[in-house]
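Dear colleague,

Please find below the structure that I am handing over to you. My notes on it follow directly after.

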Amino acid sequence: MANRNQLQPASSGEKNMIEMHQVVKTFVNAAGEFTALRGIDLTLKKGEFVALIGKSGSGKSTLLNMLTGIDHPTSGEVVVDDVDVYAMSESKRSLWRGRNMGIVFQFFQLLPMLNLLENVMLPMDYVGMYNIDERPKRAMELLRMVGLEGQAQKLPRAVSTGQQQSAAIARALSTDAPILVADEPTGNLDSRSARHIIDLFAELSARGKTIVLVTHDPSMTERASRTMVISDGELVNPTIAQALPLLTHPLIKELNHRVETVHFQPGETIIHAKEPVETFFMIASGNVDVILHKRRKEDVTISQIGPNDFFGEIELLRGGKSIASVCASQDSPVELLALSREDFHWLMGESPLTEEAIGNIVQKRIEENKQADRRKKKRWKLFG
Ligand code: ADP
Ligand code: MG
């Protein structure tokens, strides 16, 4: 039972913090109409740390603007902490936002005539949080947290883009709001500063803040408790979208209807060696071990495959029986999306780019398997 719990978000018992119901956003301008969000439904629990990913123009920033009450949906409902965000008047919503949301905008939006310290203090002034004489001290602490204590008195234009981004992160934390929303907050940071910010976000989430983060950075998505993928204004299956990133939007959706979710306990065998493989598997959560069985010799684990990767493709593309067995790793249960042989070949026909990419991976894996086997043989010779 303990294992089963690992598949649930850490905060599964918590209340719903953010709900979106059938949110549609259509922009109308001189060029015509463009629908950027096409019926978004989502529920985020208190304390969840969600990474939102998607190609440029897929609707990530628009979705954040709906969630923060910055822009109106064309239709649908946004409920945050039991409050219907768009039922409030504009001025009430603005104050509500200041108290409930820390926002890191994609283009920072620091006020150019205020220094960094004043920029960080601004939200506290706006919602009237903390004593007036406490505010500079708190703002300074936040600047220190993002490595900017030496730049506090400088205007935004006098510091680097990365430093402006860090200041925008400090500002988003200034009212200690329960929800943090950040649009590519590490996009302009060097890798060390980015790591520091990721640690900070993970810590804030562990302390109960709900975090929604748009990112391209895989090290961010790894730390998040959940990844959501948006494609052409719709949330799509994140395992399919990440395992097969070259699929078109319609194919991702069609594939979602054709896969079946299956579960395996730690150590359980998924593919038996020397049996024909009839299924293509994508890993939603957990890890699997690929194991070669040697007659009269110990078994060799030749590789471990993790979330958003796949297996079974070698046998499906080359025919024949599996040379290795594939088992759920001992560390946790495994959730897989299974696709039948017929549907796998249908998919290869529909998406030549995906077929080519998988073909390349097959080549690489066969080579790696040979090398792993050779290394192991050498060791046997030395020590056997
Ligand atoms: P992302 O953040 O994923 O790159 P956006 O949410 O900014 O994407 O934009 C999604 C789509 O909506 C894009 O095609 C963009 O051109 C369009 N869009 C965004 N804002 C507007 C606007 N104010 N007017 C017209 N089209 C817009
Ligand atoms: Mg954007």
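In these notes, two residues are in contact when heavy atoms of theirs lie within 4.5 Å. By that criterion, and not counting residues up to four places away in sequence, Ala-328 touches Phe-264, Gln-265, Pro-266, Gly-267, Glu-268, Ile-270, Asn-287, Val-288 and Val-334.

The model is predicted: local features need pLDDT of at least 70 and side-chain atom pairs count only at pLDDT 80 or more, while totals for chains, interfaces and linings use all residues. Residues are numbered from 1 along each chain as its sequence is written, chains are lettered from A and ligands numbered from 1 in the order in which they are written, and side-chain values use heavy atoms, with hydrogens and water left out.

To continue with Ala-328, this residue belongs to strand S17 (residues 325–328); strands (E, at least two residues) and helices (H or I, at least four) are DSSP runs numbered from the N terminus. Ala-328 has a relative accessible area of 2% and therefore counts as buried (under 20%; exposed is over 50%, partly exposed in between; 1.4 Å probe, protein chains only). Its C-alpha atom is separated by 9.7 Å from that of Ile-305, 23 residues apart along the chain.

I turn next to ligand 1. Its surroundings (residues with a heavy atom within 4 Å) are Phe-27, Asn-29, Phe-34, Ala-36, Lys-55, Ser-56, Gly-57, Ser-58, Gly-59, Lys-60, Ser-61 and Thr-62. Helix H2 supplies the largest share of this shell, with three residues. Polar contacts, meaning pairs of N or O atoms within 3.5 Å, join oxygen atoms of the ligand to a backbone atom of Gly-57 at 2.7 Å, to a backbone N or O atom of Gly-59 at 3.0 Å and to a side-chain N or O atom of Thr-62 at 2.5 Å. The protein covers 62% of the 570 Å² of accessible area that ligand 1 has on its own (Shrake-Rupley method, 1.4 Å probe).

Finally, the magnesium ion (ligand 2) has as protein donors Ser-61 (OG) and Gln-106 (OE1), lying 2.1 to 2.5 Å from it. Donors here are N, O and S atoms within 2.8 Å of the metal (3.2 Å for Na, K and Ca), and the site may look incomplete because water is not among the atoms. The pair is 45 residues apart: Ser-61 lies in helix H2, and Gln-106 in the loop between strand S6 (101–104) and helix H4 (116–127). Ser-61 is partly exposed, at 24% relative accessible area, and Gln-106 is partly exposed at 27%.

Yours sincerely

Definitions and conventions. A polar contact is a pair of N or O atoms within 3.5 Å; within protein, one must be able to donate a hydrogen and the other to accept it, and residues adjacent in sequence count only if both atoms are side-chain atoms.
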